[in-house]
Amino acid sequence: MWPVSETYPFTHKQMKNHSTTLHTALEAEMDKILGCIHCGLCLPACPTYQQVGNENDSPRGRIYLMRAVAEGRLETTTPAFARHIDLCLGCRACETACPAGVNYGFLLESARETLLEQKAQPGGGLQKGLLKFALRHIFPYPGRLRVAFTLSRWMRNNRLLQFAYRKGWVKSVSPSADFALSLLMTTQPQWGGAARGETHSNVVADVVPRPVSVFTGCVMEGLFKHANDATKRVLRINGGQLDPVPEQVCCGALHAHAGDVETARKLARQNIDAFDEFLRAGNNVKNLPTIIINAAGCGALLKEYGELLKHDAQYAERARLFSSRVKDITEFLAQGGLVQGAPIQKKVTYDAPCHLYHAQRVTNAPQQLLAAIPGLEYKPLEGLQDCCGGAGIYNLSEPEMSGKILSDKMSKVKATEAELLVTANPGCHMQLGAGVRSYGANCSVTHIVELLDESYRQAGYYETEQQS
Ligand code: SF4
Ligand code: SF4
């Protein structure tokens, strides 16, 4: 039997009975909580447990705390509860390690929702306050988001700021501002794809046409439009018949991970309505319409809209249909067979986004795509499935823990001696880009689809080049 009383430092005074209406979000997930058999097999996979060695910062420990709250034995206002839940990256490495199939991701969101309902999260200072403000008052509104990303791109492209950043002046004033700027600077296009804009591709014979629509996302469209454009070009070459859905909004992943599940549900309903016509149009065609996503964090939530809205009588069925039609760009291309491009003579390594590897269980498709690009020398990355510490906005809200995890990751990246570090999620891209600069790794970071796009460009597939 697992020694509960020795492991948890909570007193009986803290674990007192209180009204069950206070922790409904966790109570509703009791079946998932009880699925944990306390075997501990998830502990070696958990980055926070590996860093601090505290059971309360392990998946098993956190589930135990959630159970104590759901059963009314522990006050959610106990600061330690919020702290251990806050320190979780939400990487979901514990899910792939768990033999009992515990769905930890939903439990974490419910725990954070419970904390939010009771306003029991610790303040967290200016940085956390700004992040909370942005999630609540900017991300759900497309107009405000456009303004925020226009400002971000202006900062990214500002010569004076770039100069001060390169000279280390920003760092000397504020290391945390320098790190935030580093995250932003790494979103610069690597391959000149932005200049090519919506380039048309040559039609490739023998490719089966497939109806697709790209979920463009907010961070991807705001800061990585070059990767979105590359995604569309690569899809066209591989038979994608693109149908744009301009009414789409932010997926809600950052909100769900922060516990604002109600906003995530609201955004999910808006997206389901937006893609309704596209999905229904496909009922008469042989290849069902597919929603393509190139950001792993967003993709994981889009695939879970069915679970998110399972109690919504009006949307539950449509949410399940929506989720069943979502595919990450890597799995879509790997399943369909890939048109071959020109050789790229580079040493390359791949770091798996947690929400692609652990949450979506897309484990081999990215390497299959890399293997299909001629000329690449693949250098395997030790622990490619381990979190980089980015975890959405975790690198800004928990910089100390995030920095330790990034340091471990960068040591392994440097050991590969790769020239290109490939990933498939904007948060990981920014974190790894900042890591490359901080730790002096001799490589550049790129989205996998941009590498494929470059291979097609060099093969001469893009016949019309336009300045955007
Ligand atoms: S999500 Fe990641 S950090 Fe959180 S408990 Fe699971 S393995 Fe640990
Ligand atoms: S591996 Fe699964 S069942 Fe075992 S302790 Fe971790 S969460 Fe619980």
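Hi everyone. Let me begin with a term: a cavity here is a set of grid points, over the protein atoms alone, where a 1.4 Å probe fits but cannot get out. A molecule sits in one if more than half of its atoms lie within 2 Å of its grid points. With that in hand: in this predicted model, ligand 2 sits in the largest cavity.

So who lives around ligand 2? The neighbours include a run from Cys36 through Ile37, His38, Cys39, Gly40 and Leu41 to Cys42. Arg60 and Ile63 are there as well, along with Cys98, Pro99 and Ala100. Sorted by class, that shell has 9 nonpolar, 2 polar and 1 charged residues.

Now for ligand 1, which sits in the second largest cavity. Around ligand 1 we find Cys46, Pro47, Thr48, Pro59 and Arg62, then Cys88, Leu89, Gly90, Cys91, Arg92 and Cys94, and also Tyr104. Which elements give two or more residues to this shell? They are helix 4 (47-52) and helix 5 (59-70). By class, the shell around ligand 1 comes out as 8 nonpolar, 2 polar and 2 charged.

Let's zoom out to the whole chain. The protein chain has 28 helices and 10 strands, and 56% of its 468 residues are buried. Of the contacts with a separation of 6 or more, 78% are between residues 24 or more positions apart.

On to the packing. In soluble globular proteins, nonpolar side chains tend to be buried together. In this model, the largest nonpolar core has 96 residues, and Phe275, Tyr305, Phe322 and Leu451 have the most contacts inside it. Helix 18 (residues 261-281) supplies the largest share of this core, 9 residues. There is also a second, separate core of 25 residues, with Val69, Ala70, Leu74 and Leu107 among them.

Take Leu451 as an example. Setting aside residues up to four places away in sequence, Leu451 touches Trp191, Ile344, Val348, Leu370, Ile373, Leu376, Leu420, Val422 and Thr446.

One last residue, Leu254, in helix 17 (residues 253-258). Is Leu254 buried or partly exposed? Buried means under 20% relative accessible area, and Leu254 has 21%, so Leu254 counts as partly exposed. Beyond its neighbours within four places in sequence, Leu254 is in contact with Leu135, Phe139, Gly392 and Ile393. And if you would like a distance to check on screen, Leu254 and Ala264 are 10 residues apart in sequence and 8.1 Å apart in space, C-alpha to C-alpha.

Thanks, everyone!

Methods:
Residues numbered from 1 in each chain as written. Chains lettered and ligands numbered in written order. Predicted model: local features only at pLDDT ≥ 70, side-chain atom pairs only at ≥ 80, totals over all residues. Heavy atoms only, no water. Core = buried A, V, L, I, M, F, W, Y, C linked by side-chain atoms within 4.5 Å. Buried < 20%, exposed > 50% of the residue type's maximum accessible area, 1.4 Å probe, protein only. Helix = DSSP H or I, 4+ residues; strand = E, 2+ residues; numbered from the N terminus. Contact = heavy atoms within 4.5 Å. Near = heavy atom within 4 Å. 1 Å grid on protein atoms, 1.4 Å probe; cavity = no way out; pocket = protein on both sides within 12 Å on 5 of 7 lines; lining within 4 Å. Nonpolar A, V, L, I, M, F, W, Y, C, P; charged D, E, K, R; others polar.
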